[in-house]
Each structure stands twice: as structure tokens, then as C-alpha cells.
Amino acid sequence: MNAVPAATTSVLDRRIADLAGVSASFARAFASLEISTLGDLLEYFPRDYRFESEELPIAEFVADQVHIARGEVVAVNYTPMHPRPRFEATIFDGTAKLALVWFNGAWLKKKIVPGMHLRVQGKVKYFKNIPSISNPKWSQVDEATERVTESRFRPIYPASVKLTSDAIANFVQEHLPAMLPEVEEWFAPELLWKHDLIGRREAYRLIHAPANLAEAQKGRRRLVYDELMLMQLALGISKSLRGKAITAPVLRIDKLLDERIRKRFPFTLTKAQESAVYEIARDMQSGQPMNRLLQGDVGSGKTVVALYGMLTAVANKLQAALLAPTEVLAEQHYLTLSKALENSAVSIELFTHRTKKQSKGSLMKALGDGKVHIAVGTQALLGEDIEFANLGLVVVDEQHKLGVRQRGLLKSKGMSPHYLIMTATPIPRTLALSYFADFDVTTLNELPPGRLPIKTRWLPSAQAQQAYDFIKKQVSLGHQAYLIVPQVDETGGGDDAKSVVAEHKRLNTGPLAGLKLAMLHGQMSTEDKQSTMAAFRQKQHDVLIATTVIEVGIDVPNATVIVIDNADRFGLSQLHQLRGRVGRGKEQSFCLLIGDPRTESAEERLRALCQSTNGFDIAETDLKLRGPGEFFGTRQHGLPEFKLADLSSELILLHQAREDALAMLKTDPRLTATVFKHLRQALLKRFGDTMALVQIG
């Protein structure tokens, strides 16, 4: 019997810790950056590049360029100035003097002294015709120290305390010749030529070892295209598998059922809601699982559309589940739906982790027996002990706050139920194309008649009294108010961030004395939260002081003003969601932002909110300010974050990748052709654990 040859291992699979000359501490430093193999190292890209000129006389320095110089230290000075102490030194090379400054550099007092010779490196600035460098790199030199005689273009890598950018760059350059031959091409030459893309192997070489910025940009562009292409292929295959390999219940909808459902709504649907209902009804009659994203601005009526779908499922003798990310939102949905279904035969129950123990067993049995028609809950609905009799429709609110695996688990509890996700965070088209290409998208782009745009104003904290006076005025007119702060108590970790507990005490005896104040936050028990909200709805409280626990779902039409304190600490889309807690009735509503932004982006967020009430415009601005990773947490969405691609600035390349992916899947839906071997392997490596792509292997 012939011996089975040992499997060949790619160079890229070699562990850093096993390489010759690599110490355990060096390997651990790389591991802390999530670099364990040479393949990880190849995928660890520079964050920037720096041009370094040859070692020149100081007199020949050019402003805003990185220069290297050497000279004798002729003066030193330490200034313990708060908040930024500084150590200063001056060197002279015989042609001119160069000023050096290190902020927080007290430790240098004993290191750099007059008379010693230094070589320094950094970006040169001129003040009053005197060249200077802030926080330069430095080393002590003597006559024997070799001079830098040629210019270099160097990559700058994201570093750590134990691993400098230079150390990473040197290690990459040492192993790049061995790594590059292992890089396989994914695409045909015709496709690369069509988009003016360089080869994949060359792209890695240029991004890690470019001769200039143009080369680095060429390498980056090709690898960005690859990232976008992988994402589009993964989503395209996922959608294809869902549509062809899985069947779902066929839900019958006739004119009589439509009329019966509409009688539950005490108002006429908007045109946008009518369109959404039509699309959902069409999906649920198709026999294939609906996978629809229902997005709409705050107050646009998404819950009504979802209720239409749930009642359709119940009328077809199937169950529906509505899943929310927080108990407060789940409870709000339960109350809203219960009120809409008063005096009907539809059984609706609430399932949360705090469902009373004495009723939990009986509730679960009723659910398993099919006696509960609509189950509303949090992730408690995902528990292994939860069983549905015949789950036909899953509705998930604020889906980006739940992971792919969580949603998949819920879907598995029924026989391929239909799936509707709702979000009040309008998703910019760029993100919809990239992260939600496997969804059909329905947009509610109009508010119910009679709603007035919310007026928004930003006040510095020194003018906070104006906000308190405005609250008192609104309360005197019979209205109510919200006051939002960042944390529950003063142990929340935010230096001067205000807290619910402290603000309730301060306002109760100070600026809002005489008004009826209440608190609401996530650390309260379900019973306390429910009773507080019920009392607020019944006008027993004038002002509700809360955290962002009220961000979504709370609906009190009599509340006409929301004050958001420390507003600069919140994201733009989050601020817009909070603002949407008012403006639910026919009265004019107001949003007052109190904050002293410390950064330009924080100031830009507040200005953007004051200038627009359109959630889609705000979402686009938020994407530009924060990037897609922070927009709604791509990690929570269950998809890997892009290493290079920036969707807010690469829409053209995204469109190209999307068109190419669709064309590729049209000719080979599972990418089974030999020519796609390496591309298929890359897809499985990148997405195999988060999407149903194992079927393409």
C-alpha cells in the first residue's frame, strides 16, 4: 500500500510563532493585533504612507515634508504647563537651528542634554521662519553613525504599545517575497481590464511596498473591489438559496380578509403603507420565504404594516412572532398590538426574560399548542425551551441590533416562516446595496396626515435654563416632556456625563421643582418600567427623565418636547431616533439639544440635526461622519467589517462589483466551475460561518 503524501501547507498558513527567529513575546504582540499567521500578516494593511527624504542640511528643509536631520543639542527646556507639559530642545547642524518639542515629555529631561548629537525625523513646520518638528522620532548618534542617503516611501501600520509601525513594516518586508507567490488570482483578465484593475498578487505588493502614493492607491483599489465583490457574491448566493431551495407557507388573502383586517385600523393607510401592504401580501402568497426589509422614518407607521402581515398569518391558522431588542420596546409593541386587537379572537402574549415564573410554563405550553396566535418578546423567544406550533411569520424590529445567528435560530423554530424586518434607522442606499442585497426593500417615505415637522434647537450648557423654562411652559399647556441623559448613575464611566439618578434629584429640587418627575432606565425591573410608562401615558407624570432606553418604540402623543442633555455624546442617527419620541400627535413638537461639543464631528452632528428632520438625509450624513462599521454595528449584523473599503466614498466601485457579481451568478449560481475555485474558497473562508454558503462548497 502506497503511503498517502502529506498535505501541502500554504506559506500563508504558517504561524508567526513558528517562524525562525521569532520570540514568544514578539508572537504574542502580533497575536494581540489578531495576526497569528502569515496570511493574517498579508491582510494587515497600512493605514497611511509617509515620504521620507534623504538626510539633508536643516537649511534645506521644506515645510510639510518629513525630513531627517542630525545636529548637536544646543538648548533644552521643560515647561510643566497644564494640560500639556512639553519638553523642548534645539539642535544645530552648522547650517541652521531646528526646534524640537515633545508633548508630555517629562521623561526626556534626563535623556536629552546639551552637547549630545541626535538624529531626528518628523514633519517640518515653520514658525516665524524657524523650522520645527513636533514629537519627532530621535536617536543618539556619533560620527560613525551611517547617514540616510536616499529618499523612501514608507507604509505606516496600525501599531500597538508593544509593536511599532516600523517593526511591523520590517517584518512584512522580510516575508513579503515568500507570501506573494501564494496569492491566487480570482478573476478573468477581461474583468480586470474592464475596470482597469491590477492583478491580485501585484495589488498586495503595491499596498505593502509601493514606490509612491499612486502605486499604493492602485493596490488598494483592487483589494477594495475584491472586498466588495465577495460581499455581493455572498449576499447574492444567500438570496438565491433562500428563493430556490426553501419553501414557505402560502398565505391566502382575499377581499373579505383584507376588509376585516383594515377595520382594526382607526385611520386610512397612507399611500406608502398601502404599497408596503401590497408587497408583503404578494410575498406571503408566493410560496417562497419573504425576506423583506421595511424601513421608514420615525412615526411613519411601520407597526401597522407589520400587524397587517401578522393578522394575515393568524387568519391562515399560523402563528406570528414579533421580536424586539429590548424589554421596553417589546412591552410597547405588546401594549400597542393588544389595544389594536381588543375584543378580537386573536390571542397575544408577551415573552421576556422577566416573564413571571408562575405563568411562564403555562404560556410556553399555550404557545406550543398553538393557542397563542401572536408572541411578542425579546431574545427570550430564542430560548431552547420555546416551541411554536406553526410559526408562519417572523417580524423583527430594529434588526441591526440582533445578530444573524439569533435571527436564524428563530427562523428554525418554524417550517421556513416568512421574515419581515423593520427599522426606524433609515439605511443609506450604499449600505442597503452592500449589507442588505439579500433583502427586498420597502420604504415608508411619508408621515400620516396631520403630523408637523419637529422643531429642533441646539443650546450650549450655559443656556440650559432656557430648556427647563420651555419644559415648564409646555407642561402648563397640558403637555408632557422627556429629558434624556447618557447614563443611569454617576458610576457609568463618563467623566462629566449626566445621569438619570443625579439629574432627577437636581431637577426635582431645582429648575423643575413643582413638576411631577419620573425616572426610566434599563436597570429597572419590568414591572417598574411598565408601571412608570403606564403612569406617564395616563399623564400622572409631567416629565420623564430617561436614558436611551426610550430610543425606539415609546409612543405618547401628549409628549411635545424632548430635551437631550450631553447631546454631543450621542450618534446622529441615535439623536434622530430620540427626537422621534415626540411629534406623535397633532400638536407642534420640539427637540432641544444641550451640549458643548469638543470635536468638529460632534458639532457637525448637532448642526445636521437642527437643519433636517428627514431621516434618510440624516442617515447619509451619519454614514459620512462615522463610516459603515459604526453606523449600526456591522459586527452585530453578523457580517465581517471591511478592512479597506469605505462605502461612503466608493459607491462607483460598489456598483461595479454588484453588477459583476450578479452577472457571474447568473452564469454559474453556485460558482462550481473550475475557474471559480479560488474565489469559492475565499467566499467560504470569509462568510461560511455567518451565512448559508456551505452549500456552494
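## Helix α14 and its neighbours

Let's start with one helix: the buried residues of α14 pack against strands β16 (455-459), β17 (480-484), β19 (543-546), β20 (559-565) and β21 (590-594), and against helix α15 (500-509). Keep in mind as you look around that this is a predicted model.

## Two sides of one helix

Which residues of α14 are buried? They are A464, A467, Y468, I471, Q474 and V475. These residues lie on the same side of α14, because they cover an arc of only 120° around the axis. The general pattern behind this is simple: an α-helix has 3.6 residues a turn, so residues three or four places apart point the same way. On the face of α14 turned away from the buried side, you will find the exposed residues K473 and S476.

The length of α14 fits too: at 1.5 Å a residue, its 13 residues (464-476) should span 18 Å, which agrees with the 19 Å between its end C-alpha atoms. Just after α14 comes G478, with a positive phi of about 95°.

## The nonpolar cores

Now turn to the largest nonpolar core, which has 64 residues. Those with the most contacts inside this core are F187, L233, M664, L671 and L679. Several helices give two or more residues to it, including α3 (165-179), α6 (213-245), α22 (651-667) and α23 (677-687). Of the elements, α6 gives the most, with 12 residues.

F187 is a good place to zoom in: leaving aside residues up to four places away in sequence, F187 touches L192, R222, Y225, D226, M229, M664 and L679. A second, separate core has 41 residues, among them I261, A276, V304 and A320.

Notes
Residues are numbered from 1 along each chain as its sequence is written. This is a predicted model: local features need pLDDT of at least 70, side-chain atom pairs count only at pLDDT 80 or more; totals for chains, interfaces and linings use all residues. Side-chain values use heavy atoms; hydrogens and water are left out. Helices (H or I, at least four residues) and strands (E, at least two) are DSSP runs, numbered from the N terminus. The expected span of a helix is 1.5 Å times one less than its number of residues. Buried means under 20% relative accessible area, exposed over 50%, partly exposed in between (1.4 Å probe, protein chains only). The arc is that of the directions from the helix axis to the C-beta atoms. Contact means heavy atoms within 4.5 Å. A nonpolar core is a set of buried Ala, Val, Leu, Ile, Met, Phe, Trp, Tyr and Cys residues joined through side-chain atoms within 4.5 Å.
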